[in-house]
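Trainee: I am new to this structure and would like a close look at a single part of it, taken slowly. Could you choose a pair of helices that pack together, and then connect that part to the rest of the chain?

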Amino acid sequence: MSSFRRSFSPSPSPSKRPCPSLKAGKPASKPPPSTSALSLNTELQNLSRNKRGHAALQLYNQNFSTVDSHHSSIVLNALIRSGLISESFTFLKQIEKRHLESTEAYTIIIKGLIHSGDLKLAYAYFQKMLLSKKTKPSTRTLNTILRGCLWSSGGGVSGILDNVWFKYYGEKDGSSYEYYVECLSNALRIEASFKGINEFCEKIGWGNNWSCVDFSKGVEENGESFVSCLLNVARGMSLLGEGREGIEKVIEKAREGIYAIQVLGEKEEIGEKKKMVGGKRGRNTTDERIESNRLFRSHKLSSITTEINFLHQRLQTSSWTKKMLKGEMRRRLFVFSGGATTDHVKRGVKGDEEVFSNLKGLGSHILPSQNFYPSLLTDNKINFNVVFPSSNLDTPLNLELGSGTGSWICNQAKKNYRENYVSVEMRTSRVSRTFSHSCLLGIQNLCCISDSATTFLNHRNDDNFNNIYVNHPEPPNQDGGESSDASHMLNEGCLELIWRRLKVGGRFILISDNLQYTQVLTRSIGSLIFNRKLNFTNDSTVVIGSENLRVGESIKSKGSISLDLLKGIPSKSLGYEEGGESYFDGLWKTGAGSHSSRDERYILCLKKCEIREEVEEKKTVKKLGEKSGGGGKKNKKKSAAKQAKRNAKRLAQKGEGDVLESNPKPKGKEEGEGGLSTKDLIKRERKLKRRAERRAEAAKEKKDGEDKE
Ligand SMILES: C[S@@+](CC[C@H](N)C(=O)[O-])C[C@H]1O[C@@H](n2cnc3c(N)ncnc32)[C@H](O)[C@@H]1O
């Protein structure tokens with residue numbers, strides 16, 4: 001989780017580093033960058049931060065003659081951050097032609113490939129860098145690809161991980177070891193994990209045996225990574241049902257480390273306070289960033305502590321065994337794909353071709369590679385009635401999309417053991433945590449799925465859910481606004497699928513800390529309702545007032561559609577059990593996010609209704625009847641016929657009459673005076689209306705495209 005929301009900004013290229021003073025006999029160093037080059041830097045960085053890839057590219061092209069390799073890396077980063085993968089490849093070719101490629105540029109490309117789920121191609125670029133003199137991989141490149149291994153799944157990951165680790169010859173830092181050991185522990189490669197931890201200790205001068213590390217000499221900045229490595233390996237050992245003594249030893253060492261870090265943290269804080277009292281430091285952006293990093297790290301440490309305590313407590317009470325693990329893995333863990341950040345509906349999701357690599361990503365070596373899918377899957381769709389054997393048609397089925405490390409859904413499933421739960425998350429490492437947590441808690445009514453939300457909703461199941469939850473979805477932009485090129489999980493395609501996969505009367509519940517983003521999503525749902533892509537209403541069963549919940553605002557869309565955006569604290573009537581704080585809920589409560597509210601939560605709770613085609617049709621007929629002043633059934637028909645005649649005349653005048661007249665008369669249908677039945681006429685009108693809407697949409701798209709260009 002640590003990499004979350006940390007934006008990637010390329011380190012200064014050699015040309016941007018401070019100029020060493022000229023010394024006799026040494027070649028003259030490059031002149032410092034001009035003011036215009038520096039201001040272009042800033043402008044491009046801002047566009048990149050706001051994920052405005054197209055605009056960054058445009059600005060770059062306007063300054064084509066002056067740009068350098070650093071500017072090029074920033075633009076590449078802007079394109080990648082905006083999810084514009086194919087544009088970034090075209091751009092890379094362009095900079096390669098001008099010899100402006102750099103280690104930063106390739107690292108960014110690797111990052112983009114990993115975010116779109118293509119670990120193999122990312123690895124190919126990494127290999128290319130290993131062979132190159134000009135663009136050798138840096139620590140950042142290594143960490144980027146290791147993160148990719150962590151997020152991805154599939155048989156190839158282990159091989160890539162080992163190759164990357166052993167072929168890379170540059171510097172490794174604390175994060176490198178953290179990622180590496182987590183990958184190994186998730187794959188239940190315990191021996192290799194310990195080897196990695198010992199290598200880490202040796203590297204930082206802590207001896208070559210993790211169990212003998214002496215924290216009394218201090219922990220420095222590597223303490224957190226070390227403790228995180230120990231936690232991961234302890235989790236892996238617990239899941240494998242290994243001996244209590246061994247796990248206890250790891251937990252004990254991790255606790256020692258946590259204690260040492262906390263003591264160090266206190267000292268640092270006292271030092272900081274002294275500095276603040278003595279100096280004139282105001283709260284500038286840098287201070288805010290330092291503060292936010294501090295909060296982020298302290299939240300991470302407190303999550304590690306919570307999990308270490310949890311593992312220790314389970315060790316005392318749980319009788320979990322390796323045999324049980326095999327059974328549970330086979331029944332309720334599905335690893336379809338991993339790695340891709342968001343659903344790119346238009347482009348399709350990469351990495352999904354490598355489906356059914358279940359178990360290969362997570363501990364395949366301990367399990368026979370037999371095919372256990374037939375009863376669980378039909379046509380690649382999960383049979384939840386087989387996954388949850390004790391369920392019947394009435395057992396509620398709940399789904400969480402983007403479930404992260406699963407603390408919220410595990411708590412829900414544990415408390416509501418008569419209902420069934422499904423978690424969908426695209427980062428395999430997080431699915432692994434959800435799964436192991438559920439095993440150690442003895443939860444059986446939770447199915448953990450590594451997949452992208454849209455692919456899951458579209459292809460992997462036929463069931464309909466009672467509730468679909470989304471907690472703290474990632475906005476395309478940190479400020480939650482619409483002015484970026486980036487895509488996000490809850491795009492319109494995904495919202496439509498959420499509606500489809502709900503039972504009629506089922507609920508879609510969204511909780512966010514970001515007001516602006518929730519408003520954007522509500523408007524988007526409103527316009528989908530207006531365009532008849534889906535139909536939701538406000539759920540009137542939510543208890544407002546008595547539960548710290550209130551209607552924050554009613555968001556109006558076309559066609560008098562009004563959706564309530566609730567504010568307050570998610571509670572029982574929304575189906576939220578106590579004590580299930582998610583990782584991000586906890587993080588925002590620390591105040592670490594500048595665009596996130598600490599305590600206030602923005603909530604949508606919508607109930608699925610059918611799209612009312614039939615009712616609409618009747619209404620149209622009635623309207624036609626009413627116009628001619630009719631009231632009864634007979635009159636209605638008669639006036640509709642008159643209207644049909646008028647319409648036919650009107651259309652004929654517009655040059656469309658030939659189409660109407662050439663329509664064959666449907667047999668046995670009620671005929672209007674104009675030779676067409678009322679039903680046909682309504683159909684005809686609808687067709688014309690849809691055509692007009694399509695034209696308007698095409699014109700809008702064209703205009704948007706032109707605007708972007
Ligand atoms: C901000 S985190 C919130 C995690 C968790 N719900 C919580 O509250 O702690 C968003 C999660 O959504 C996942 N995610 C983003 N896009 C996704 C997609 N298209 N399909 C599945 N998961 C996705 C991310 O990997 C991440 O774990």
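Mentor: What follows begins with one helix pair and the loop that joins it, and then moves outward to other parts of the chain.

Please keep in mind from the start that this is a predicted model. As a frame for the close look, the chain has 25 helices and twelve strands, and buried residues make up 51% of its 709 residues. Among contacts in the chain with a separation of 6 or more, 75% are accounted for by residues 24 or more positions apart.

The part I would choose is the pair formed by helix α4, residues 85-97, and helix α5, residues 103-115, whose axes come within 11 Å and cross at roughly 160°. Because an angle over 145 degrees counts as roughly antiparallel, α4 is described as roughly antiparallel to α5. The crossing of these two helices, α4 and α5, is left-handed. On the α4 side the residues that meet the partner are I85, S88, F89, L92, I95 and E96, and on the α5 side they are A105, Y106, I109, G112 and L113. Sorted by class, the residues of this contact between α4 and α5 comprise eight nonpolar, two polar and one charged. As background to the spacing of such lists, an α-helix has 3.6 residues a turn, so residues three or four places apart point the same way.

Between α4 and α5 lies a loop, and H99 is found in that loop. H99 is exposed, with a relative accessible area of 60%, and its phi is near 55°, a positive value in a residue other than glycine. That deserves a remark, since most residues other than glycine have a negative phi. A second residue of this kind is S560, with a phi near 50°, which sits in the loop between β10 (549-557) and β11 (561-568) and counts as exposed at 72% relative accessibility.

For another helix pair to set beside the one you asked about, take helix α9, residues 174-186, and helix α10, residues 190-203, whose axes come within 8 Å and cross at roughly 170°. The helices α9 and α10 are therefore roughly antiparallel to each other. Their contact is made by G174, Y177, Y180, V181, L184 and S185 of α9, together with A192, S193, G196, I197, E199, F200 and K203 of α10. By class, the contact of α9 with α10 has seven nonpolar, four polar and two charged residues.

The stretch of α10 also brings us to the cysteines, for the structure holds zero disulfides. C201 is in no disulfide, the nearest cysteine sulfur being that of C229 at 8.6 Å, and C201 counts as buried at 0% relative accessibility. The sulfur of C448 has its closest cysteine sulfur in C410, at 6.6 Å, which is too far for a bond, and C448 is likewise buried, with a relative accessible area of 0%.

C410 leads in turn to helix α16, residues 407-415, where the buried residues are W408, I409, C410, N411, Q412 and A413. These buried residues of α16 pack against β4 (397-401), β5 (420-425), α17 (428-440), β6 (446-450) and β7 (465-471).

Note on methods: Residues numbered from 1 in each chain as written. Predicted model: local features only at pLDDT ≥ 70, side-chain atom pairs only at ≥ 80, totals over all residues. Heavy atoms only, no water. Disulfide = S-S within 2.5 Å. Buried < 20%, exposed > 50% of the residue type's maximum accessible area, 1.4 Å probe, protein only. Axes fitted to C-alpha atoms, helices over the stretch in contact; angles between N-to-C directions. Helix = DSSP H or I, 4+ residues; strand = E, 2+ residues; numbered from the N terminus. Parallel < 35°, antiparallel > 145°, perpendicular 65-115°, else oblique. Left-handed = near helix turned anticlockwise from the far one by under 90°. Contact = heavy atoms within 4.5 Å. Nonpolar A, V, L, I, M, F, W, Y, C, P; charged D, E, K, R; others polar.
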